[in-house]
Protein chains: 2
Amino acid sequence: MLLLDTIDRKAVDQTPVWIMRQAGHYLPEYRSIREKHDFLSICRTPELATEVTLQPIRRYQFDAAILFSDMLVLPEAMGLQLEYNDDLGPQVTPAIRRETDIKNLQTEGLGEKLRYVSQAVNMIRASLSKDIALIGFSGSPFTLASYMIEGRASKNFRMVKRVLYRKPEMLHQLLEVMTTAVVQFLRLQIQAGVQVVQLFDSWAGLLPPHLYDEFSASYQGKVISQLADTGVPVILYGRGPMHIIESLKSYKPAVLGVDWQADMVKARTIAGSKIVLQGNLDPACLYASAETIRKEVGRLLKIFKGQGGHIFNLGQGILPDVNPDMVHVLVDEVREQSMRGDD
Amino acid sequence: MLLLDTIDRKAVDQTPVWIMRQAGHYLPEYRSIREKHDFLSICRTPELATEVTLQPIRRYQFDAAILFSDMLVLPEAMGLQLEYNDDLGPQVTPAIRRETDIKNLQTEGLGEKLRYVSQAVNMIRASLSKDIALIGFSGSPFTLASYMIEGRASKNFRMVKRVLYRKPEMLHQLLEVMTTAVVQFLRLQIQAGVQVVQLFDSWAGLLPPHLYDEFSASYQGKVISQLADTGVPVILYGRGPMHIIESLKSYKPAVLGVDWQADMVKARTIAGSKIVLQGNLDPACLYASAETIRKEVGRLLKIFKGQGGHIFNLGQGILPDVNPDMVHVLVDEVREQSMRGDD
């Protein structure tokens, strides 16, 4: 399995490739399912989740499938209400504002409430070719806590920032609870058959550099150590500047996901040769001509030439208005150039 | 003048302080003017622009006033329509989409069209105490071009990214035109009396690290060299990750503004001792208690202890819902701690 072999630093003959949000709006077959079903119904119906997870695999034969789900199904299973609104995005109610709100969160019986996730993992794994890895995921404790405090995605996450600066001990309390829940959520995915898990720290950029370790990286570290007995490799992916990579690497994840705003050459130096790096093409590069895509793929592959330890990916999720043909160009280029060992 | 002495690396007995967007919504006296006049009318009426520029100076005796205006009055003077909408923010029409759109931009007669800016600078300088510096500003060529191509602020600036990857030569053409215009805009402010100018590269974060120099930093470098004969120091401020600081420092600005997402300790190392640094408290830190603000001010001042070369500022504009009393706390702490030389 190319993805796992790359993570294990075995000799491989090409660079594995998958794309964050690969099951998404840019695919006509995905849009036709979304015309009939809303986003959360797809997440909650194992047959539909399986179908959309497999769509990009059929088209591009990516080296990994990633479970189609939403990170906010976890807070929902803990007792909050979750709604998706096409304009506002996700809304979580009631938002966490007081310590009693944290005490009301349920961390028991998550396996039962999230059975539809385990079922989807089972079904996907059963339909997926043996040489393609299945990746499970969760939001990081900090990113989930941010959604839960703010109630929804927002420009500045001012409520989260207020809590961070005015009631840091309350934020730590919530982060502890979410760490426990994230570990359970990932364990149930692992038991159902995922072979790799990724933590998405989508709101990592809300924290100034000197607070990132205290409020986010350290909790991701706890998740890694609490999953150590499973032997399943963990990918840590924080969206935002370079200092995120620096903080996360000290928790020795198997893989670090690199945002497109970070410099892959520096990431390589900072992470050292033991940690595999994933990323980090600018998603907007898929708007370019085939020639520009070829060049940009070459630029990235060159950084890892003769050393390996690279999983090709975008540095952030694929944009909804990308031409699916350009994804073919991208995947072909990654495979051809990495097999030929182009300069 | 404390601000200019600091920039000139003269011995000073305290750290100068001002705040980006210091004339803004958090001030009740600003809101009461905004109740009667819309944002652009204030920009276009020298008496009103003068009044709001001076409001925060009266309250806090900041070491610098910054001209109250908007970076988009420049594209407006070049022939585009500018509107402000409370929900969508600024809108520039028609958006630049073709090479002919660039040819239609006017770079002649800007002094005449922007006379209200010169008049405001004159009036502010006349009312301002001699020991307070007056800062003029412009958007960077890249940030202005981004607004002009997109037509308005947006989450991903997809039109800009399309142009960047599909028609880079067209983007360069627009950047050349905007560089010429920015130099003229800053010259007219300098002639009217500003003593320092700041370039705001607010959308610096749109560019991946390996493209930042080509599409943004190099044009800011041109602005610096074309203003060299004025002797007026230039502050370059790019919003976003650390690599922006690294690119900008090679153009030897007098001052580099540091975003709150960047690490000031590293910025100090990267910039070297000749370049003065400005920033970079997280704006949300003003939500905190006086004690937390004191600690955070101390953390920043310590980095420059015994070396100087620091202008205290937030790392981004002040948030509209901050309590104005906490700005007093901040300013007092910066002055007391830097005078005492606290550890």
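Visitor: In which hand does helix 8 of chain A pass helix 11 of chain A, and what makes that the right name for the crossing?

Guide: In this predicted model, helix 8 of chain A passes helix 11 (residues 168-192) of chain A in a right-handed crossing. The name applies because the near helix is turned clockwise from the far one by less than a right angle.

Visitor: What would one call the relative direction of helix 8 and helix 11 of chain A?

Guide: Their axes are 8 Å apart, and the packing angle is about 30°. Angles under 35 degrees count as roughly parallel, so that term applies here.

Visitor: Which residues make this contact, and how do they divide by class?

Guide: Helix 8 of chain A contributes V117(A), S118(A), V121(A) and N122(A), while L188(A), Q189(A) and A192(A) belong to helix 11 of chain A. Four of the residues are nonpolar, three are polar and none is charged.

Visitor: Why is helix 4 of chain A called oblique to helix 8 of chain A?

Guide: Helix 4 (residues 46-60) and helix 8 (residues 115-127) of chain A pack at an angle of about 45°, with axes 8 Å apart. An angle under 35 degrees would count as roughly parallel, and one of 65 to 115 as roughly perpendicular. The value falls between these ranges, and therefore helix 4 of chain A is oblique to helix 8 of chain A. This crossing, too, is right-handed.

Visitor: Which residues of helix 4 and helix 8 of chain A meet?

Guide: P46(A), A49(A), T50(A), T53(A) and L54(A) of helix 4 meet residues of helix 8 including Y116(A), M123(A) and I124(A). By class, this contact has seven nonpolar, four polar and no charged residues.

Visitor: How do you know whether G315(A) is buried or exposed?

Guide: G315(A) has 23 other C-beta atoms within 10 Å. A residue with 20 or more counts as buried, so G315(A) is buried. G315(A) is found in the loop between strand 9 (310-314) and helix 16 (324-340) of chain A.

Visitor: What lies around G315(A) when its neighbours within four places in sequence are left aside?

Guide: Its contacts then include V258(A), D259(A), W260(A) and N280(A). N280(A) is 35 residues away in sequence, yet the C-alpha atoms of the two residues are 3.7 Å apart.

Visitor: What makes strand 1 and strand 9 of chain B edge strands?

Guide: Seven strands of chain B form an open sheet in the order 1-4-5-6-7-8-9, with parallel pairing. Strand 1 (64-66) and strand 9 (310-314) each have a single partner strand, so one side of each is left without a neighbour in the sheet.

Visitor: How do you know that strand 5 and strand 6 of chain B are paired?

Guide: Five bridges join strand 5 (residues 196-201) to strand 6 (residues 234-238) of chain B. Pairing requires at least two bridges, so these strands qualify. One of the partners of strand 5 residues in strand 6 is G238(B), bridged to D201(B).

Visitor: Which part of chain A gives the largest share of its side touching chain B?

Guide: In total, 24 residues of chain A are in contact with 24 residues of chain B. Helix 10 (residues 158-166) of chain A supplies the largest share of the chain A side, five residues. That side has eleven nonpolar, six polar and seven charged residues.

Visitor: Which residues of helix 10 of chain A are buried, and what covers them?

Guide: The buried residues are V160(A), K161(A), V163(A), L164(A) and Y165(A). Their cover includes helix 9 (141-150) of chain A and helix 15 (290-303) of chain B.

Key. Residues numbered from 1 in each chain as written. Chains lettered and ligands numbered in written order. Predicted model: local features only at pLDDT ≥ 70, side-chain atom pairs only at ≥ 80, totals over all residues. Contact = placed C-beta atoms within 7 Å. Helix = DSSP H or I, 4+ residues; strand = E, 2+ residues; numbered from the N terminus. Nonpolar A, V, L, I, M, F, W, Y, C, P; charged D, E, K, R; others polar. Axes fitted to C-alpha atoms, helices over the stretch in contact; angles between N-to-C directions. Parallel < 35°, antiparallel > 145°, perpendicular 65-115°, else oblique. Buried ≥ 20, exposed ≤ 12 C-beta atoms within 10 Å, placed from the backbone.
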